[in-house]
Amino acid sequence: MANPSLLILPGDGIGPEVMAQVRRVIDWFGANKDLVFDVSEDLVGGAAYDKHGTPLHDDTMAKAQEVDAVLLGAVGGPKYDDLDFAVKPERGLLRLRKEMDLFSNLRPAQCFDALADFSSLKKDVVAGLDIMIVRELTSGVYFGEPRGIHKEGNERVGVNTQRYTESEIARVARSAFELAKRRGNKVCSMEKANVMESGILWRDVVQEIHDAEYPEVELSHMYADNGAMQLVRAPKQFDVIVTDNLFGDVLSDCAAMLTGSLGMLPSASLGLPMGNGRPKALYEPVHGSAPDITGQGKANPIACILSFAMALRYSFDEGANADLLEGAVQKVLADGVRTADLMGPEGGTPVSTGEMGDAILAALDAA
Ligand code: NAD
């Protein structure tokens, strides 16, 4: 069998710095676990604009469609702020998501015990937290028509349209149920069926998919505003939360921050299965290009490394190796190894990006 293929797009700012540590982790799995990837690397964002005058070259887009998974660092930076909207670095990322039809965005909120003090919530509320928000990513109010700003009489009116088809709801619901089967077997679906017709349809379709295809998974429904309250009141009641694009945008940021630093947060965006059964997939840290610390060796590579762990789990069915990698990260944090973003009020000496990579590789060796 051919090796699984990975396209690496380090991007801008700290993207290449954190991705260099992921490359070391990928090499470690090749050398120690007989898990060898065919890795190719290309440009995205400002780096692609500098070379090609576009934030994503057509050849790179074509490669992304062919590989088993794409791993992206970050895009953007002040150098590109004045560019035309159509060639801004972020457009490269949006084009990848759109053309790969990545409709299911997975945002885990997992609290590593060693970092429980970093949460703004009480330690006992977040310690051991492990939830997954599944956000619909390619439809809903961010894309619905009509949209725009027009004049009515003497004043301007802003319009956006929340629109979902049954099939759009059904496919993201399936994605959530499939995930739940590999985790705690519970899905909570969030919408505003009390005030929105699209919410009524959302609730109906999620229930129908459940009853017809996933009766063994525990399903509950919650209004999204209550969901926001419950997330900060008692987040451990949830396993998988599935919700639309707009509510998911807000709720996933809220849930992510339960766990502390932006430098710790991975994500996955999945599409339909390809011919080989693997879903179209893009894995990336939640953080951006962090221009304020670029080139200083301060970036925390863990979000990007955990994004690779998600790729192992969701694209390559390598759950045991994903556990191994996440365990190594947990061990390093428990040992008190910290990049600057993870320094608490008690202080200490932060390690560099490369030293965090060293520590994680050492923990993998020792596991
Ligand atoms: P950001 O995520 O880049 O940074 C926010 C803060 O968090 C900064 O202080 C940064 O130093 C810190 N931070 C982020 N990641 C870190 C890490 N791994 N280790 C340590 N500290 C980290 O967000 P921003 O400053 O609002 O945006 C900067 C640029 O990134 C902008 O051009 C923005 O458009 C872009 N951006 C890109 C993405 C993406 O590629 N997916 C996401 C968000 C922002």
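Which residues do ring pairs link into a cluster? In this predicted model, the cluster is made up of Trp28, Phe29, Phe37, Phe308 and Phe316. A search of the whole structure finds seven aromatic pairs, and two pairs involving Phe37 are followed here.

A pair of aromatic rings is described by the distance of the centres and the angle of the planes. For Phe37 and Phe308, the ring centres are 5.8 Å apart and the planes meet at 75°, so this pair is edge-to-face. Planes over 60 degrees apart count as edge-to-face, and the angle of 75° for Phe37 and Phe308 fits that description. This pair links distant parts of the chain, with the two positions 271 residues apart. Phe37 sits in the loop between helix 1 (15–33) and strand 2 (38–41), while Phe308 belongs to helix 10 (residues 302–314).

Phe37 also forms an aromatic pair with Phe316. Here the distance from centre to centre is 5.0 Å and the angle between the planes is 65°, again edge-to-face. Distant parts of the chain are linked once more: Phe316 lies in the loop between helix 10 and helix 11 (319–334), 279 residues apart from Phe37.

Are these three phenylalanines buried or exposed? A residue is called buried when its relative accessible area is under 20%. Phe37 has a value of 8% and is therefore buried. Phe308, at 1%, is buried, and so is Phe316, at 7%.

The surface offers another kind of grouping. Glu166, Asp204, Glu208 and Asp211 gather there in a patch of negative charge. Which helix gives the largest share of this negative patch? That share, three residues, comes from helix 7 (residues 197–213). Glu208 is placed in helix 7, and its relative accessibility of 46% makes it partly exposed, since that class lies between the limits for buried and exposed.

The backbone has some details to look for as well. Glu145 and Pro146 are joined by a cis peptide bond, with omega at about 0°. Pro146 is part of strand 6 (residues 144–152).

Positive phi values appear in two residues other than glycine, Asp101 and Ala290. For Asp101, phi is near 55°. This residue is in the loop between helix 4 (89–99) and strand 4 (104–110), and with a relative accessible area of 29% Asp101 is partly exposed. For Ala290, phi is near 45°, and the residue is found in the loop between strand 12 (279–285) and helix 10.

Methods. Residues are numbered from 1 along each chain as its sequence is written. This is a predicted model: local features need pLDDT of at least 70, side-chain atom pairs count only at pLDDT 80 or more; totals for chains, interfaces and linings use all residues. Side-chain values use heavy atoms; hydrogens and water are left out. Patches are made of residues with over 30% relative accessible area and no salt bridge: like charges are joined within 9 Å, nonpolar side chains (Val, Leu, Ile, Met, Phe, Trp, Tyr) within 5 Å. Accessible areas come from the Shrake-Rupley method with a 1.4 Å probe; for residues, only the protein chains shown count as cover. A salt bridge is a side-chain nitrogen of Lys or Arg within 4 Å of a carboxyl oxygen of Asp or Glu. Lys and Arg count as positive and Asp and Glu as negative; His and the chain ends are not counted. The place of a charge is taken as NZ of Lys, CZ of Arg, CG of Asp or CD of Glu. Helices (H or I, at least four residues) and strands (E, at least two) are DSSP runs, numbered from the N terminus. Buried means under 20% relative accessible area, exposed over 50%, partly exposed in between (1.4 Å probe, protein chains only). Rings of Phe, Tyr and Trp (its six-membered ring) pair if their centres lie within 6.5 Å; planes under 30 degrees apart count as stacked, over 60 as edge-to-face and the rest as tilted.
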